[in-house]
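Biologist: Got a minute to go through this model with me? I'd like to start with burial, then salt bridges, then the metal.

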Amino acid sequence: MTNDRPVRRTGSAYDLPPPAYDETLVTVAKGTPAGELLRRYWHPVALSAEIKDLPMQVRALGEDLILFRTREGKIGAVHPRCAHRGTSLFYGKVEERGIRCCYHGWLFDTEGRCLEQPCEPQGGTKRENYRQPWYPAEERYGLVFAYLGPLEKKPPLPRYDTLETLGEDHFIVASGDSIGSGGPERMPCNWFQTHENVMDPFHVFVLHSTFSTKQFNEMMAVPPEISFGTSAHGCYSVQLRKFDDGTMLRRITEIVLPNIRIVADPFVRSFGKGNSVAWALPIDETNTRIFTVFAWPKSEPVPARFNRNPMYGGKTWYELDAEGHQRMPGDFEAQVSQGPITFHSEEQLATSDRGVALYRKLFRQAVRDVQEGRDPPNTRQGSEIVIKVEAGNYLMPQAALAGE
Ligand code: FES
Ligand SMILES: [Fe+2]
């Protein structure tokens with residue numbers, strides 16, 4: 001949906017057409033256009049550290065899942081309703097080989113096979129006829145990933161070079177705080193409006209630099225020259241910030257299709273390739289959780305879960321009252337206030353939105369790929385998928401531009 005509709009001449013709200021959103025971008029349910037695309041990828045559904053001895057319930061792509069780790073160490077992701085008579089496996093018990101339903105004790109392994117039926121004659125002679133609905137699940141980088149799509153299309157779980165080449169002095173830290181350390185776990189809005197923000201570098205020097213103080217860093221507050229492009233895995237923006245001393249910050253931010261972002265440290269604490277990868281999990285159509293994995297320097301303290309922010313007068317984000325959020329809006333306030341699902345029919349895209357428009361175009365193309373029977377981007381079957389990260393903060397002389 002673009003600006004091809006007639007310009008509203010009076011501007012009166014009375015003239016607004018009925019609001020609508022673009023289903024190609026925002027749907028997540030099975031059988032919907034974007035829901036089928038999203039089901040061709042692995043999604044993080046929990047932090048590994050969140051899976052303890054009890055079953056854990058999560059929601060992903062609008063489906064409720066029970067996660068568990070058997071005492072043998074295998075991760076399972078199954079539908080909550082027991083295949084016998086529907087009691088939730090949330091109340092089950094995690095055992096050596098699987099999860100046992102609390103009602104009649106059927107035991108299921110991580111692929112839903114029924115291993116025991118204690119109330120049936122001889123422990124269930126026909127138990128191979130029953131299967132608990134399950135999904136493939138794997139752990140990596142401190143996250144639990146699940147694949148909710150057709151089994152025959154399951155791609156390998158991708159690796160990211162920046163997380164694979166850790167020196168002695170770094171280790172992996174996984175976070176499920178949607179907006180930086182100490183932020184909320186859940187954003188009550190559609191995932192797409194949070195993710196397209198990655199291709200909106202213009203907001204950095206308004207929202208994050210002039211509106212609610214300089215949230216990041218003096219360098220980031222300099223208005224950049226911005227360009228956009230497509231890559232082997234998705235799309236990116238290049239932001240050039242030139243300084244009086246003849247140097248410039250060349251900052252690259254990228255999207256790996258469909259819902260992965262690689263954003264270099266906005267505080268620019270060091271230069272070089274980005275050290276984090278983040279996924280926007282569509283919990284359902286109106287809720288999102290962002291998981292981030294960092295290659296974290298061992299010399300630096302890992303930020304506390306609920307850190308106090310000088311910008312918030314030493315309070316945590318949670319402690320801000322309504323006025324505090326109004327005076328200090330950040331990404332959460334900007335994106336959640338677009339509505340549970342933003343109305344594309346009411347948008348008026350402008351020149352600064354060309355990165356957003358590019359990402360939407362690539363996403364729609366990927367939706368079409370699935371609809372027309374092609375494999376969408378980054379789902380190559382068979383061999384390993386290793387994503388080479390380009391994003392980063394690179395400091396260089398402005399003279400280096402002459403070579404481009
Ligand atoms: S409902 Fe689960 S074993 Fe009967
Ligand atoms: Fe932002």
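**Burial, bridges and a metal site**

Modeller: Arg40 is buried, with a relative accessible area of 6%. Buried means under 20%, exposed over 50%, partly exposed in between (1.4 Å probe, protein chains only). This is a predicted model: local features need pLDDT of at least 70, side-chain atom pairs count only at pLDDT 80 or more, and totals for chains, interfaces and linings use all residues. Residues are numbered from 1 along each chain as its sequence is written, chains are lettered from A and ligands numbered from 1 in the order written, and side-chain values use heavy atoms, with hydrogens and water left out.

Biologist: Which residue forms a salt bridge with Arg40?

Modeller: Asp375 does, with the closest N and O atoms 2.8 Å apart. A salt bridge here is a side-chain nitrogen of Lys or Arg within 4 Å of a carboxyl oxygen of Asp or Glu.

Biologist: What does that pair tie together?

Modeller: Asp375 lies in the loop between H8 and E21, and Arg40 in the loop between helix H2 (33–38) and strand E1 (42–47), so the pair ties together parts 335 residues apart in sequence. Helices (H or I, at least four residues) and strands (E, at least two) are DSSP runs, numbered from the N terminus.

Biologist: Is Asp375 buried or exposed?

Modeller: In between. Asp375 is partly exposed, at 40% relative accessible area.

Biologist: How many salt bridges turn up in the whole structure?

Modeller: The search finds 25. One of them joins Arg289 and Glu50, with the closest N and O atoms 2.9 Å apart. That pair links distant parts of the chain: Arg289 sits in strand E20 (residues 287–297) and Glu50 in the loop between E1 and strand E2 (56–60), 239 residues apart. Arg289 is buried at 8%, while Glu50 is partly exposed at 21%.

Biologist: What about Arg59?

Modeller: The side chain of Arg59 meets that of Asp64 in a salt bridge, 3.0 Å from N to O. Arg59 is partly exposed at 32%. Asp64 is partly exposed too, at 30%.

Biologist: Which residues are linked in a network of salt bridges?

Modeller: Glu95, Arg97, Arg100 and Glu116.

Biologist: New topic, the metal. Which residues coordinate the iron ion (ligand 2)?

Modeller: His203 and His208, each through NE2, and Asp331 through OD twice, at 2.1 to 2.4 Å. Donors are N, O and S atoms within 2.8 Å of the metal (3.2 Å for Na, K and Ca); water is not among the atoms, so sites may look incomplete.

Biologist: And the spacing of those donor residues in sequence?

Modeller: H-x4-H-x122-D for the iron ion (ligand 2). His208 lies in helix H5 (residues 207–211) and Asp331 in helix H7 (residues 331–336), so the pair ties together parts 123 residues apart in sequence. His208 is buried at 3%, and Asp331 is buried at 16%.

Biologist: Last one, the loop after H8. Where does Gly382 lie?

Modeller: Gly382 is in the loop between helix H8 (354–371) and strand E21 (386–387). Gly382 is exposed, with a relative accessible area of 66%.

Biologist: How many residues separate Gly382 and Ile51 in sequence, and what is the distance in space?

Modeller: Gly382 and Ile51 are 331 residues apart in sequence and 29 Å apart in space, C-alpha to C-alpha.
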